[in-house]
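The report below takes up helix packing and internal space in one protein model. Please keep the coordinates open while reading, since the text moves between pairs of elements and the space they enclose.

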Amino acid sequence: MELERALPRHDMAAARWALLAGNFVIGCGVMVVGGTLNDLTHDLNVSVAQGGRLIAIASLVMGLGAPLLAAAVAHIDRRKLLCLTMLWYALGHGLCALAPDYAWLWPIRALTVLSAAVFTPQAAATMGFMSTPAHRGRAITFVFMGWSVASVAGMPMAAWVGERLGWRIAMGMVAAGALCVAWLVWRHVPRGIRPPALSWRSWRKVFASPLLMAVVAVTACQSAGQFSVLAYMAPYYKHGYGASPEQISAMFAWFGALALLGNLYLNRVIDQTGPARAVTTTLAMMAVSLLAWPLATTLPWLALILLPWALSGFATNSGQQARLGGLSPRLAPALMALNTSAIYLGQAVGAAGGGWVITHQGYAPLHWLGLAWVVVGLALSVWAQRAQRADDARHAGVAP
């Protein structure tokens, strides 16, 4: 069923914006620890590496939870599911803000981010289900753009709030935002959306496809590469360049603004250029920034070197969502869940690896670890792009 034809244009637009707002709050909540890492580690009296484990633990939970929860919630009306997910997110962040110490914070945080494991893939699958094939790629990338907006506004705000008001206030702000989004989703997302439940046979088709699994692996590798560095950017700016709270916030805002610009451009061209080509290009741009990293002797130079990476970082995730949605629309719920799982498992691997590097060798080698992961992802993306072209050629002129 394609709801885009049945829904008035205004209602369709309102649903898109509600789901974008949801991904914005999800993104703010996922990134709030990285943005407030300086104050959080000081307040709880833990090391930067131990604080970074909060990111790794949360990412591991989200990565494992996304495909498992996708099967568990398949029968639930998507409006109800997405609304309840945001209410859980609000409750969890409120409790995180009240956590007395690290021993209490990490399990609460782990349970809280189960919402992210559900919302992002189900929002993408819902929008894909509501859209016609001609507009599906653009609709999915539009919804995922909420993550880019979070990097523009949420991450810099979290960094500034963390430095000036404290990490607990930042957590409370995410909780308040989640409550607002729960209301928006309930008001604007149509009821009765239930994408077909996936059988075990469908899951087996996904895991048996080298092409689909290679594309999912691309997501995991690029996510690991990015979060080897991104997870520790706040302390890196402070200790590596002596950055003030305002400078840290400005650097996050610079990165986020460019990420939003890159995602906006991708959203305009992805249905014409194709998501596979777009993803391969963005991965190459990331590699350029990480390769040039040693040239950044000052904060302004680092801001310039970050430009290709920032333009491509979030666009890659959006492109991957559209890439998988286009490869097999019938398997989209499973693919979106696996892709989300790959994003978060990659973050867990990247954050854990980055923490190990900092503990044993300091901040300087972080970019080399990130570059290694991105290069592997780039190689997989090129292979998958060629395999897709060969598969399309074999099926040219064959009726579906």
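## Helix packing and an internal cavity

In this predicted model, helix α4 (residues 78-98) packs against helix α6 (residues 114-130) at an angle of about 150 degrees, and their axes lie 9 Å apart. Because angles over 145 degrees count as roughly antiparallel, α4 and α6 are therefore roughly antiparallel to each other. The crossing of these two helices, α4 and α6, is left-handed. On the α4 side the contact is made by R78, L81, L82, T85, M86, W88 and Y89, while α6 contributes S115, A116, V118, F119, Q122, A123 and T126. Sorted by class, the residues of the contact of α4 with α6 comprise nine nonpolar, four polar and one charged.

A second pair is formed by helix α11 (residues 233-241) and α12, whose axes come within 10 Å and cross at roughly 130 degrees. That angle makes α11 oblique to α12, and the crossing of α11 and α12 is right-handed. Here the contact involves M233, A234, Y237 and K238 of α11, together with I248, M251 and F252 of α12. In the contact of α11 with α12 there are six nonpolar residues, no polar ones and one charged.

The table sets out the two pairs.

| Helix pair | Angle | Axes | Crossing |
|---|---|---|---|
| α4 and α6 | about 150 degrees | 9 Å apart | left-handed |
| α11 and α12 | roughly 130 degrees | within 10 Å | right-handed |

How many cavities of 30 Å³ or more does the structure hold? The structure holds one cavity that meets this threshold of 30 Å³ or more, and about 290 Å³ of space lies in the largest cavity. Its lining is made of 24 residues, and of these M31, F227, L230, F314 and Q347 lie nearest the centre of the largest cavity.

Which helices each supply at least two residues of that lining? They are α1 (9-35), α7 (136-164), α10 (210-230), α12 (245-273), α15 (307-327) and α16 (332-361). Helix α12 thus appears both in the packed pair with α11 and in the lining of the largest cavity. The helix that gives the most to this lining is α10, with five residues. As for chemical class, the lining of the largest cavity divides into 14 nonpolar and ten polar residues, with no charged residue present.

Notes:
Residues are numbered from 1 along each chain as its sequence is written. This is a predicted model: local features need pLDDT of at least 70, side-chain atom pairs count only at pLDDT 80 or more; totals for chains, interfaces and linings use all residues. Side-chain values use heavy atoms; hydrogens and water are left out. Axes are lines fitted to C-alpha atoms, for helices over the stretch in contact, and angles run from 0 to 180 degrees between N-to-C directions. Helices (H or I, at least four residues) and strands (E, at least two) are DSSP runs, numbered from the N terminus. Angles under 35 degrees count as roughly parallel, over 145 as roughly antiparallel, 65 to 115 as roughly perpendicular and the rest as oblique. A crossing is left-handed if the near helix is turned anticlockwise from the far one by less than a right angle, and right-handed if clockwise. Contact means heavy atoms within 4.5 Å. Ala, Val, Leu, Ile, Met, Phe, Trp, Tyr, Cys and Pro count as nonpolar, Asp, Glu, Lys and Arg as charged, and the others, Gly among them, as polar. On a 1 Å grid over the protein atoms alone, a cavity is a set of points where a 1.4 Å probe fits but cannot get out, and a pocket is an open set with protein on both sides within 12 Å along at least five of seven lines; lining residues have an atom within 4 Å of a point. Grid points are joined across faces, edges and corners, and a volume is the space filled by probe spheres set on the points.
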